[in-house]
Amino acid sequence: MNKIKCFIFDQDGTFYPEESVLTNALRKKTKKWIMKRLSLNKKEVEKLYRKLPKKYPNALEGFLSLGLSIKDYHKNVFDTIKPQKYLSKDKKLISTIKELKREKFIVTFSSKKYSKALQKTLGIHKLIKRTYYSIDFLPKTSKLFVYEHIRKQNRLKRGQILIVGNNLEVDIIPALNKGYKAVLIGKPIKKAKVKSIKNIYNLLHIRDRES
């Protein structure tokens with residue numbers, strides 16, 4: 001990855017497995033929050049929770065389409081979760097991040113309180129130059145808008161930045177379409193011409209074809 005000058009990471013589902021006890025805790029809290037705010041019963045919220053991501057892969061756009069507040073979402077979902085109850089210091093992750101000898105940023109839909117606690121729990125908070133929170137860029141909801149902000153701030157070309165995330169439609173496709181490099185965390189998707197790796201630890205095995 002000799003030509004890569006900067007790494008931009010998604011956070012949740014990228015630094016730890018998407019299917020984890022922490023993810024399940026966040027899902028349960030989110031469903032309860034939606035149920036309460038929209039006065040839905042359990043069956044109704046389950047149906048909505050399945051349908052919404054299909055129409056709005058971007059969770060923020062989905063919640064806004066329902067008239068829900070992102071600030072309220074952060075306060076009553078993310079800020080009520082303590083990551084240290086579900087995860088612990090990840091020495092292998094720390095080693096992986098340290099091996100990436102370039103600037104490293106995070107772009108996340110989560111709240112600031114939760115994100116800081118998560119990064120401290122995993123042990124990577126001192127290895128990330130800066131975390132960008134999508135709530136600070138509203139009404140813009142696309143992560144691409146934040147990528148562009150970071151690129152311009154650091155005077156880089158799109159091809160010098162590697163985006164790493166687990167959501168194809170939100171993290172990866174918009175970036176690829178604009179000329180960024182990208183790596184998908186998770187199973188390979190045939191329809192998408194993007195490199196994929198099983199987990200974040202395998203990032204060091206990726207070799208930039210242009211390097």
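1. A good place to start is K28: with a relative accessible area of 58%, K28 counts as exposed (over 50%; buried is under 20% and partly exposed in between, using a 1.4 Å probe and protein chains only). K28 belongs to helix α1. The C-alpha atoms of K28 and V77 are 9.1 Å apart, although their positions lie 49 residues apart along the chain.

2. A word on what you are looking at. This is a predicted model in which local features need pLDDT of at least 70 and side-chain atom pairs count only at pLDDT 80 or more, while totals for chains, interfaces and linings use all residues. Residues are numbered from 1 along each chain as its sequence is written, and side-chain values use heavy atoms, with hydrogens and water left out.

3. Now the overall picture. The protein chain has 8 helices and 6 strands (DSSP runs numbered from the N terminus: H or I of at least four residues for helices, E of at least two for strands). Along the sequence they follow the pattern β-α-α-α-α-α-β-α-β-α-β-α-β-β. The C-alpha atoms fill a box of roughly 55 × 35 × 35 Å along the principal axes. The radius of gyration is 17 Å, which agrees with the value near 17 Å for a compact globule of 211 residues (taken over C-alpha atoms; the rule is 2.2 Å times the number of residues to the power 0.38).

4. How much of the chain is buried? Buried residues account for 47% of the 211 residues. Among contacts (heavy atoms within 4.5 Å) between residues at least 6 apart in sequence, 65% join residues at least 24 apart.

5. Back to α1, and its partner α2. The axes of α1 (residues 21–38) and α2 (residues 42–55) come within 10 Å and cross at roughly 115° (lines fitted to C-alpha atoms over the stretch in contact, with angles from 0 to 180 degrees between N-to-C directions). The crossing is right-handed (the near helix is turned clockwise from the far one by less than a right angle; anticlockwise would be left-handed). On the α1 side, the contact involves R27, T30, K31, I34, M35 and L38, and on the α2 side K42, V45, E46, L48 and Y49. These residues divide into 6 nonpolar, 1 polar and 4 charged (Ala, Val, Leu, Ile, Met, Phe, Trp, Tyr, Cys and Pro are nonpolar; Asp, Glu, Lys and Arg are charged; the others, Gly among them, are polar).

6. Between those two helices, have a look at S39, which sits in the loop joining α1 and α2. Phi of S39 is near 55°, a positive value in a residue other than glycine. S39 is exposed, with a relative accessible area of 63%.

7. Which residues does S111 touch, apart from its neighbours within four places in sequence? They are H74, F78, D79 and Y133. S111 is in the loop between β2 (103–108) and α6 (112–122), and its 3% relative accessibility makes it buried. The side chain of S111 makes a polar contact with the side chain of D79 at 2.6 Å (N or O atoms within 3.5 Å; within protein, one able to donate a hydrogen and the other to accept it, and residues adjacent in sequence counting only if both atoms are side-chain atoms). A polar atom of the S111 side chain also lies 3.2 Å from the backbone nitrogen of Y114.

8. Helix α7 (residues 143–153) has K143, L144, V146, Y147, E148, I150 and R151 buried. The elements covering these residues include β1 (6–9), β2, β3 (130–133), β4 (161–165) and α8 (168–177). At the start of α7, a side-chain oxygen of S142 comes within 3.1 Å of the backbone nitrogen of L144.

9. Both flanks of α7 deserve a check of the backbone. Most residues other than glycine have a negative phi, and most peptide bonds are trans. In the loop between β3 and α7 lies P139, and the peptide bond from L138 to P139 is cis, with omega near 15°. Just after α7, R155 takes a positive phi of about 55°, although R155 is not a glycine. R155 lies in the loop between α7 and β4 and is exposed, with a relative accessible area of 80%.

10. One last residue to find is K92, in helix α5 (residues 91–99). K92 is exposed at a relative accessible area of 52%. The C-alpha atoms of K92 and I200 are separated by 9.6 Å, while the two residues are 108 residues apart along the chain.
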